[in-house]
There are 2 protein chains.
Amino acid sequence: MSRFLTAEASILSPYTPGEQPQDQQYVKLNTNESPFPPSPRVVKAISKGEIQRLNLYPDPDCTKLVTALANYYDLKSENIVLGNGSDEILAFAFRAFCGKGKPVAYSDITYGFYKVWAKLYDLESIVVPLRDGFELNVDDYMDLDATIVIANPNAPTGRQIPIADIQRLLEKDPDRVVIVDEAYIDFGGESCLPLLYRYDNLLIVQTMSKSRSLAGGRVGYGLGSPALISDITRIKYSFNPYNLNRLSIAAGVAAVEDDTYFKACTGSVMAVRSWTVSALEELGFTVVPSVANFIFATHDTKPAKELYQTLKSEGVLVRWFDAPKIDNHCRITIGSMEQMEILVETLERILEGE
Amino acid sequence: MSRFLTAEASILSPYTPGEQPQDQQYVKLNTNESPFPPSPRVVKAISKGEIQRLNLYPDPDCTKLVTALANYYDLKSENIVLGNGSDEILAFAFRAFCGKGKPVAYSDITYGFYKVWAKLYDLESIVVPLRDGFELNVDDYMDLDATIVIANPNAPTGRQIPIADIQRLLEKDPDRVVIVDEAYIDFGGESCLPLLYRYDNLLIVQTMSKSRSLAGGRVGYGLGSPALISDITRIKYSFNPYNLNRLSIAAGVAAVEDDTYFKACTGSVMAVRSWTVSALEELGFTVVPSVANFIFATHDTKPAKELYQTLKSEGVLVRWFDAPKIDNHCRITIGSMEQMEILVETLERILEGE
């Protein structure tokens with residue numbers, strides 16, 4: 001920290017991303033990446049010609065990608081805004097819809113970035129504890145005069161709530177924005193998308209990082225009523241209008257258009273998830289019911305921190321959070337069948353060595 | 001604007017980027033892009049293998065690109081931070097070094113985004129008028145208790161100030177950050193880089209958008225003392241840590257490493273600039289002395305707005321700003337020789353038609 005940093009900035013608590021070892025020597029199950037490369041159409045879309053046009057600015061409105069998403073979700077262009085990853089859309093939404101007299105509410109166990117953005121914008125946070133079994137009960141949010149952010153399915157637990165619950169929240173106070181972070185929705189979860197035309201206070205945030213194998217391409221988007229989307233666009237144009245580069249736009253279009261590949265990848269993750277849950281349960285784990293591309297597991301006898309450390313030393317990276325209530329769980333990304341077999345074999349070896 | 005937008009966000013005045021027609025039917029001299037494709041090494045660097053790894057997150061620290069830049073500028077890693085274009089670095093710097101009791105100072109005629117970020121962060125702005133002939137005199141900034149932002153060379157004028165002037169500003173108050181926006185430095189300007197090790201209150205911001213033909217790739221960076229850089233990194237990790245995608249990192253490395261191509265491109269722009277200035281002067285233009293990849297020109301008789309409009313109808317896009325003091329100038333990007341010949345021929349036709 002320099003002596004130049006303002007007091008406002010010195011109180012920030014930056015986010016800690018999962019480890020990203022650049023040597024790739026690990027079986028990497030710690031940051032919820034897809035085990036599959038992007039669609040072959042993405043490889044084709046990033047053509048030599050496209051690369052040679054990098055001297056030109058991208059379209060700040062990302063028209064082609066907006067159109068592709070509008071076709072895919074049966075929405076209008078005005079319902080869609082693109083971000084440099086869904087993190088950027090969430091950051092813009094916090095800036096647009098929270099402020100003085102308008103706190104942000106989120107649960108005590110959820111995506112760790114919500115509290116970071118709350119500090120970034122000096123917002124009052126209402127932190128709502130999950131109930132037993134990491135259950136989110138919307139009754140706990142019903143009367144809050146706040147912008148509500150819900151990760152559905154939740155991270156790092158993988159649990160989802162029914163969209164009827166979101167609907168109750170939306171109806172209870174039509175002047176309150178509900179942000180549903182659907183980063184992990186494509187692995188069997190139920191999206192709020194059908195509610196979009198009925199509630200203008202709903203903002204859905206999705207990403208191509210997980211289900212469309214584009215974590216390295218940074219493509220996220222917000223879906224909502226035209227008024228909400230124009231608000232986010234206002235923030236985008238006050239911060240960094242050219243937020244998506246040309247190649248990410250091209251990659252995004254190709255990824256959305258290859259629905260067969262998308263279904264194959266997400267289908268595989270769901271099948272491998274079932275297998276992994278069974279295998280872990282046989283090894284004495286309790287696994288939170290997950291509709292995400294990760295599972296949240298605790299072992300009957302072996303502490304999670306020790307498991308994380310031993311797995312790491314054996315070449316398998318999972319994520320462990322040093323935080324109350326969840327520090328005896330590991331979050332394990334669902335990778336390929338081969339990766340999960342290595343995980344299970346390694347766990348067997350570790351647990352036998354007890 | 002929705003009824004959900006906070007009062008703080010409703011007062012924002014978003015930036016208006018230059019027109020980006022996506023049909024590319026224009027001779028496009030309005031957004032200071034390079035007329036050259038990126039280095040052939042960039043095309044090679046964005047390989048099929050690299051694209052197939054887009055399922056993995058990028059390195060948030062952009063280690064490879066930081067290393068390449070450190071080698072190029074003879075700096076240490078701790079002196080460098082990467083952004084999604086230099087706009088993002090500037091936005092982070094405003095957030096880090098300006099706030100309550102610490103206004104931001106910039107000139108009345110300069111990059112239009114400074115005032116937008118000032119509003120985004122609710123900062124007090126000290127707007128310092130340029131002197132006659134668009135001259136920036138650092139004496140006007142000497143006694144300001146503010147974070148100072150200077151575009152050098154300035155946009156949209158193309159004028160530069162000597163680094164001895166920047167040095168005077170840095171020395172006058174060592175507790176004041178001076179941000180030098182060197183987006184256009186590579187076309188004959190004098191960079192502040194030699195001052196970097198001597199003044200820990202200097203932040204230099206550069207971009208690969210212009211001189212390295214990567215406007216579509218979004219690669220900008222801040223250079224400064226380790227403490228300043230760690231402050232900006234703090235903001236980055238509080239906003240969007242994965243701000244550079246994998247392909248932009250790869251493109252940036254390749255672009256920095258191809259110095260021969262860089263020198264050929266920037267050399268061409270400088271030569272074509274000289275030719276264009278002479279040609280325009282013969283047509284009755286007065287051109288502000290420029291060390292950038294654009295020129296700022298006014299005609300003796302023909303109003304700039306009319307010139308801009310007529311040029312556009314003839315298929316040549318230049319930039320005209322509807323703002324006091326500069327609304328009788330056009331900003332014209334230096335393109336290829338062929339493009340500038342078309343510009344000059346078109347102007348001849350327009351002016352003959354008087």
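Two aromatic rings of Phe, Tyr or Trp count as a pair if their centres lie within 6.5 Å. With that in mind, and remembering that this is a predicted model, select A:Y15, A:F94, A:Y106, A:Y111, A:F113, A:Y114 and A:W117 together, since ring pairs link these residues into a cluster. Over all chains, the structure holds 38 aromatic pairs.

For one of these pairs, select A:Y72 and A:F262, whose ring centres are 6.5 Å apart and whose planes stand at 85 degrees, so the pair is edge-to-face. This pair joins distant parts of the chain, because A:Y72 belongs to helix α4 (residues 63-73) of chain A while A:F262 belongs to helix α10 (residues 259-282) of chain A, 190 residues apart. The two partners can be coloured by accessibility: A:Y72 is partly exposed at 30% relative accessibility, whereas A:F262 is buried with a relative accessible area of 9%.

Move next to chain B and select B:F113 and B:W117, where the ring centres lie 4.2 Å apart and the planes meet at 15 degrees, so that this pair is stacked. Both residues sit in helix α6 (residues 113-120) of chain B, and because they are four residues apart there, about one helical turn separates them. B:F113 is buried, with a relative accessible area of 0%, and B:W117 also counts as buried, at 0% relative accessibility.

Return to A:Y72 and add A:R212 to the selection, which shows the charged end of A:R212 over the ring of A:Y72, at 4.9 Å from the ring centre. A second arrangement of this kind appears on selecting A:R331 and A:F294, where A:R331 lies over the face of A:F294, 5.7 Å from the ring centre.

A:R331 also leads into a sheet, for it stands in β13 of chain A, opposite A:F296. Show β10 and β13 (residues 330-333) of chain A, which pair in the antiparallel sense over four bridges, and then widen the view to the open sheet of four strands in the order β9-β10-β13-β12, with antiparallel pairing. Its edge strands are β9 and β12 (319-320) of chain A, each of which pairs on one side only.

Finish at A:S290, in the loop between β9 (285-287) and β10 (294-299) of chain A. Is this serine buried or exposed? At 14% relative accessibility, A:S290 counts as buried, because the cut-off for that class is under 20% relative accessible area. A polar atom of the A:S290 side chain lies 2.6 Å from the backbone oxygen of A:F294, and, leaving aside residues up to four places away in sequence, A:S290 touches A:G158, A:R273 and A:I295.

Key. Residues numbered from 1 in each chain as written. Chains lettered and ligands numbered in written order. Predicted model: local features only at pLDDT ≥ 70, side-chain atom pairs only at ≥ 80, totals over all residues. Heavy atoms only, no water. Helix = DSSP H or I, 4+ residues; strand = E, 2+ residues; numbered from the N terminus. Buried < 20%, exposed > 50% of the residue type's maximum accessible area, 1.4 Å probe, protein only. Polar contact = N/O pair within 3.5 Å; in protein donor to acceptor, adjacent residues only side chain to side chain. Contact = heavy atoms within 4.5 Å. Pairing = 2+ DSSP bridges. Phe/Tyr/Trp six-rings, centres within 6.5 Å; stacked < 30°, edge-to-face > 60°. Lys NZ or Arg CZ within 6 Å of the ring centre and 35° of its normal.
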